[in-house]
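Q: I am new to this structure and would like a guided look at one part of it. Could you start from a single spot and then show me what else is worth knowing?

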Number of protein chains: 2
Amino acid sequence: MPKEPTARIEFPDEDVTTKDVRQRRFVVRRGTREIPGLLWTPADASGPRPLVLICHGAGNTKREQYIVSLARRLVRHQGFAAAAIDGPVHGDRRADGSKDGATMFIEFAQLWAEDPQMTDEMVADWRATLDALEELDEVGREAVGWWGLSMGTILGIPVVAAEKRIVAAVLGLMGTRAPREDYRKRIIADAKQITCPVLFLMQWDDELMRRDDVLELFGEIASSDKRFHANPGGHVEVPGEEIEATERLFARHLLHGG
Amino acid sequence: MPKEPTARIEFPDEDVTTKDVRQRRFVVRRGTREIPGLLWTPADASGPRPLVLICHGAGNTKREQYIVSLARRLVRHQGFAAAAIDGPVHGDRRADGSKDGATMFIEFAQLWAEDPQMTDEMVADWRATLDALEELDEVGREAVGWWGLSMGTILGIPVVAAEKRIVAAVLGLMGTRAPREDYRKRIIADAKQITCPVLFLMQWDDELMRRDDVLELFGEIASSDKRFHANPGGHVEVPGEEIEATERLFARHLLHGG
């Protein structure tokens, strides 16, 4: 079987620097797929630095305010690079250009239920993106972190399980419930493969997740260093202090070689 | 029925200032009981300030390193006062002067099982201590916090439930399991009376507590603002970052009037 060609990255247009953070739109090509993303680096970056991969939730895109804000914070405070790509049926992947959160949310739920290849394709998209980013002088091959809640954990569990370059992860707002029993089994099997330090977030009053399912998923993660934070409020009400906890986790594990 | 006489506080001997933190041993008299404690204040304190009540775990005393360290930190960083008293059969309450942790732990477990008045007497001891401390010029009547894990939660749940002067609490390392069914019911009933902001700590690999019992106790606390942090390791391995989280919680809720 021929080896899949190396992922190629292009920066077709947007390149904006605001308050010392450079934001560039990129497209990574993997076979016939185009993977749309954003890369944040210090304005004057050269040489390798830790990289945090940020996966948005269903109904959001790579440009969501909390994604951009987290990325800029990691660049400004820690000198890291950060990258986000659009999820399936989200953002620049949509032919119809719709930015409607409810539409993207529902279409993702349907795609997850109907397309058994979705997860593996998204894992491959993330890995190809990481391959491509590591070729850049201003990113290079340093420690890598993962940050993804809700859909960012549906996709994050298999990515972190597969990708040993990831040495610390923030996950959460997700449980073991899945639209099919074989998917549920895979989530658990993947969680058992995760051994890096994990901060797992839960919203105690989450209207989308059952508490027992969330705790079960946390329990299945194999990492000896795993922390669980439950906060008051609903699914989208994660408090700002967890962004600070995120930054401390990545500072601890990405700066010191994992 | 005659009113119980006002609690009286005495500072019989120890009064040491180290790096701007003044530590004094005190005794509060409540009826025939003598309540031995330590008070920490800024060296030059005058006028009212927030106060944190710190309750040690079974087998420890008010002089345990983590108790003294937390108290000194709250004084140094926040300008608060902090106070700790010995638990039943612990520290200066012991006629035999024993400092053996295992002995105190076992005797506390036995006392809890055998003496139905133990909890109410300790609640009254803490309330009398708070009454007495509030009379001091350098403490006064400001917001009050509670910090107690393990036995500090066995006693802390009823104290925080009863004492509306407490406006924020750190609890944990405890579940709903108790030596008698009526005690278990009381723990749950008291938890349902707690409405102040709570940070609840759990050790994921706690050898003394069942996970389901710990989560049940957290679930029963009535506070709308309650946070749950689970960390890796056993009962006595709470990581230092939770001391930082403690300080942030008290700074948020005690400095701004709760």
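Where in chain A does Leu173(A) lie?

A: Happy to help! A word on the ground rules: residues are numbered from 1 along each chain as its sequence is written, while chains are lettered from A and ligands numbered from 1 in the order in which they are written. This is a predicted model, in which local features need pLDDT of at least 70, side-chain atom pairs count only at pLDDT 80 or more, and totals for chains, interfaces and linings use all residues; side-chain values use heavy atoms, with hydrogens and water left out.

Now to your residue. Leu173(A) sits in the loop between β8 (166-172) and α6 (181-191) of chain A. Helices and strands here are DSSP runs numbered from the N terminus, with H or I and at least four residues for a helix, and E and at least two for a strand. Leu173(A) counts as buried because its relative accessibility is 5%. Buried means under 20% relative accessible area, exposed means over 50%, and partly exposed is what lies in between, with a 1.4 Å probe and protein chains only. The backbone deserves a look too: phi of Leu173(A) is near 55°, a positive value in a residue other than glycine. Most residues other than glycine have a negative phi. In chain B, Val89(B) also has a positive phi of about 55° although it is not a glycine. Val89(B) belongs to the loop between β6 (81-85) and α2 (101-114) of chain B, and with a relative accessible area of 23% it is partly exposed.

Let us stay in chain B and turn to a helix. Helix α3 of chain B (residues 118-134) has 17 residues and reaches 24 Å from its first C-alpha to its last, close to the 24 Å expected at 1.5 Å a residue. The expected span is 1.5 Å times one less than the number of residues. Of the 17 residues of α3(B), 12 are buried, so this helix is largely enclosed by the rest of the structure. Among the buried ones are Met122(B), Trp126(B), Leu130(B) and Asp125(B).

Asp125(B) brings us to salt bridges (a side-chain nitrogen of Lys or Arg within 4 Å of a carboxyl oxygen of Asp or Glu). The side chain of Asp125(B) pairs with that of Arg33(B) in such a bridge, at 2.8 Å from N to O. Since Asp125(B) lies in helix α3 and Arg33(B) in strand β4 (residues 33-42) of chain B, the pair ties together parts that are 92 residues apart in sequence. Asp125(B) has a relative accessible area of 0% and is buried, whereas Arg33(B), at 25%, is partly exposed.

Helix α3 of chain B takes part in another bridge, between Arg186(B) and Asp120(B), at 2.9 Å from N to O. Arg186(B) lies in helix α6 (residues 181-191) of chain B and Asp120(B) in helix α3, so this pair links parts that are 66 residues apart in sequence. Arg186(B) is partly exposed at 30%, and Asp120(B) is partly exposed at 38%.

Helix α6 of chain B also holds Asp190(B). With a relative accessible area of 14%, Asp190(B) is buried. Leaving aside neighbours within four places in sequence, Asp190(B) is in contact (heavy atoms within 4.5 Å) with Ile157(B), Pro158(B) and Ala161(B).

Chain A has salt bridges as well. The side chains of Arg94(A) and Asp96(A) meet at 2.9 Å, N to O; Arg94(A) is buried at 11% relative accessibility, while Asp96(A) is exposed at 53%. A network of salt bridges links Arg127(A), Asp131(A), Glu134(A), Glu135(A), Arg141(A), Glu163(A) and Arg165(A). Over all chains, the search of the whole structure finds 68 salt bridges.

What about disulfides, meaning pairs of cysteine sulfur atoms within 2.5 Å? The search finds zero of them over all chains. The sulfur of Cys55(A) is 15 Å from the closest cysteine sulfur, in Cys196(A), which is too far for a bond. Cys55(A) is buried, with a relative accessible area of 2%. Cys196(B) is in no disulfide either, as the nearest cysteine sulfur, that of Cys55(B), is 15 Å away. Cys196(B) is buried at 9% relative accessibility.

Conventions
Disulfide = S-S within 2.5 Å.
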